[in-house]
Amino acid sequence: GHRLLLRCRSWRGFASQTDGESRLARVLREKFPRASAIKVVDISGGCGAMYEIHIESEEFREKRVVQQHQMVNQALSEEIKHMHGLRIFTSAPKP
């Protein structure tokens with residue numbers, strides 16, 4: 001079968017976040033108020049189809065990676081419906 005190419009009109013400025021990135025970052029900051037770092041990157045070239053998310057938060061410290069990722073998936077459950085994929089990287093701050 002032929003592959004579906006993601007065509008998107010949104011041109012990505014280098015300095016600014018895309019709308020999707022800033023929206024996801026805002027949701028994550030609300031859901032993870034103790035996070036010391038949150039980074040959201042649209043890895044679909046600004047299409048809003050695939051995101052990479054990095055979160056460093058104290059609340060991840062005692063949890064397994066699977067649980068950490070579940071927390072992020074739950075926090076973004078509404079947003080995930082509109083995406084093709086999500087890569088999640090979680091960590092606790094260095095003690």
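Helices and strands are runs assigned by DSSP, a helix having at least four residues and a strand at least two, and they are numbered from the N terminus. With that in mind, colour the predicted model by secondary structure and follow the protein chain from its N terminus, where the elements come in the order α-β-β-α-α-β. In total you should find three helices and three strands.

**The whole chain**

Show the surface next, which exposes about 6,800 Å², with carbon and sulfur atoms supplying 52% of that area. The chain has 95 residues, of which 35% count as buried. If you display contacts between residues at least 6 apart in sequence, 57% of them join residues at least 24 apart.

**The sheet**

Now select the three strands, which form an open sheet in the order 1-2-3 with mixed pairing. At the edges of this sheet lie strand 1, residues 35-42, and strand 3, each of which pairs on one side only. Neighbouring strands here are turned against each other by 10° on average, if direction is ignored.

Keep strand 1 in view and add strand 2, residues 50-57; the two run antiparallel and are joined by seven bridges. To look at a single one of these pairings, select Lys-39 together with His-54, its bridge partner in strand 2.

**Helices against the sheet**

Select residues 19-31, which make up helix 1, and you will see that this helix packs on the sheet, where it touches both strand 1 and strand 2. The direction of helix 1 makes about 155° with that of strand 1. Then move to helix 2, residues 65-75, which lies across strand 2 and strand 3 and runs at about 130° to strand 3.

**A closer look at Thr-90**

Finally, zoom in on strand 3, residues 85-91, and pick out Thr-90 within it. Is Thr-90 buried or exposed? Its relative accessible area is 16%, and because buried means under 20%, Thr-90 counts as buried.

Which residues does Thr-90 touch, once those up to four places away in sequence are left out? Select Ile-55, Phe-60, Gln-68, His-69 and Val-72 alongside Thr-90 to see them. Two of these neighbours deserve a further step with side chains displayed: the side chain of Gln-68 makes a polar contact of 2.5 Å with the side chain of Thr-90, while a polar contact of 3.5 Å joins the side chains of Thr-90 and His-69.

Conventions. Residues are numbered from 1 along each chain as its sequence is written. This is a predicted model: local features need pLDDT of at least 70, side-chain atom pairs count only at pLDDT 80 or more; totals for chains, interfaces and linings use all residues. Side-chain values use heavy atoms; hydrogens and water are left out. Buried means under 20% relative accessible area, exposed over 50%, partly exposed in between (1.4 Å probe, protein chains only). A polar contact is a pair of N or O atoms within 3.5 Å; within protein, one must be able to donate a hydrogen and the other to accept it, and residues adjacent in sequence count only if both atoms are side-chain atoms. Contact means heavy atoms within 4.5 Å. Accessible areas come from the Shrake-Rupley method with a 1.4 Å probe; for residues, only the protein chains shown count as cover. Two strands pair if DSSP finds at least two bridges between them. Axes are lines fitted to C-alpha atoms, for helices over the stretch in contact, and angles run from 0 to 180 degrees between N-to-C directions.
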